[in-house]
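I opened my notebook and loaded a new model. These entries keep what I looked up, in the order I looked.

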Amino acid sequence: MPVDVKYTAEATATGGRDGRAATTDGTFEVKLATPKELGGAGGEGNNPEQLFAAGYAACFIGAMKVVAGQEKVKMPADTSVTASVGIGPRSEGGFGLAVALRVSLPGLDHAQAEGIVEKAHQVCPYSNATRGNIDVKTTVV
């Protein structure tokens, strides 16, 4: 399905999981480190799964804001999404990801919150990009 691109982010990584990554506009730079669980040294630095988790969590809040606006629901100021991104070997070979999104919409009725989350999961570009490729579970807490 074609996308009418309105914005493009661009970043360059060097050195893989033990290198660096930065946006080409110079606004973001991160040192990368492979976690011990994946055979790395761990230590200072972030890994691609952490960056993906942060991006997905922020993007999902944006999608919920769109849905809430369409439904004339006031989003709680302290709305939060915690994204857990797991990585491991796939039975078919290679590696895969699994994602869990824990959503907090304080003050909203649980059923209403679940409805917003379900609709946001259809709107969110990260959800659309991963659908059918990554197991993504959503939970309203």
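**Entry 1: a pair of strands**

I began with strand 4 (residues 80-89) and strand 5. They pair in the antiparallel sense, over 10 bridges. I note here that this is a predicted model.

I then looked up how the two strands are joined. They form a hairpin, with five residues between them. Gly93 sits in the turn and has a positive phi of about 105°.

Which residue is the bridge partner of Gly88 in strand 5? I found Gly96 there. I also checked Ile87, and its bridge partner in strand 5 is Leu97.

**Entry 2: the other neighbour of strand 5**

Next I turned to strand 6 (residues 135-140). Six bridges join strand 5 to strand 6, and these two run parallel. I picked out one position: Val99 stands opposite Val136 in strand 6.

I wrote down a reminder for myself. Strands of a sheet pair through backbone hydrogen bonds, either parallel or antiparallel.

**Entry 3: the sheet as a whole**

I put the strands together. They make an open sheet of three strands in the order 4-5-6, with mixed pairing. Why is one side of strand 4 and of strand 6 left without a neighbour in the sheet? Both stand at the edges, each with a single partner strand, so one side of each has no neighbour there. On average, neighbouring strands of this sheet are turned by 15° against each other, direction ignored.

**Entry 4: Leu97 and a surface patch**

I went back to Leu97. It is found in strand 5 (residues 95-104). Is Leu97 buried or exposed? Neither word fits, because its relative accessible area is 32% and Leu97 counts as partly exposed; the range for that label runs from 20% to 50%.

Leu97 also belongs to a nonpolar surface patch. Leu38, Ile87 and Phe95 make the patch with Leu97, and its area is about 330 Å². I had already met Ile87 as the bridge partner of Leu97.

**Entry 5: aromatic rings**

I counted aromatic pairs and got four. In one of them, the rings of Phe52 and Tyr56 have their centres 5.8 Å apart and their planes at 65°, so the pair is edge-to-face. The cut-off for that label is over 60 degrees.

Where do Phe52 and Tyr56 lie? I found both in helix 1 (residues 48-70). They are four residues apart, about one turn of the helix.

I looked up their accessibility too. Phe52 has 22% relative accessibility, so Phe52 counts as partly exposed. Tyr56 has 0%, so Tyr56 is buried. Phe52 and Tyr56 also form one aromatic cluster with Phe60 and Tyr126.

**Entry 6: a check on Ala21**

I chose Ala21, which lies in strand 2 (residues 20-23). Its relative accessibility is 14%, so Ala21 counts as buried; the limit is under 20%. How far apart are Ala21 and Ala98? In sequence I found 77 residues, and in space 23 Å from C-alpha to C-alpha.

**Entry 7: the whole chain**

I finished with the overview. The protein chain has three helices and six strands. From the N terminus on, the elements run β-β-β-α-β-β-α-α-β. The C-alpha trace spans about 45 × 35 × 35 Å along its principal axes. Of the 141 residues in the protein chain, 33% are buried.

Technical notes
Residues numbered from 1 in each chain as written. Predicted model: local features only at pLDDT ≥ 70, side-chain atom pairs only at ≥ 80, totals over all residues. Heavy atoms only, no water. Patch = residues over 30% accessible without salt bridge, like charges linked within 9 Å, V, L, I, M, F, W, Y side chains within 5 Å. Areas by Shrake-Rupley, 256 points an atom, 1.4 Å probe, with all protein chains shown as cover. Salt bridge = Lys/Arg side-chain N within 4 Å of Asp/Glu carboxyl O. Buried < 20%, exposed > 50% of the residue type's maximum accessible area, 1.4 Å probe, protein only. Phe/Tyr/Trp six-rings, centres within 6.5 Å; stacked < 30°, edge-to-face > 60°. Pairing = 2+ DSSP bridges. Axes fitted to C-alpha atoms, helices over the stretch in contact; angles between N-to-C directions.
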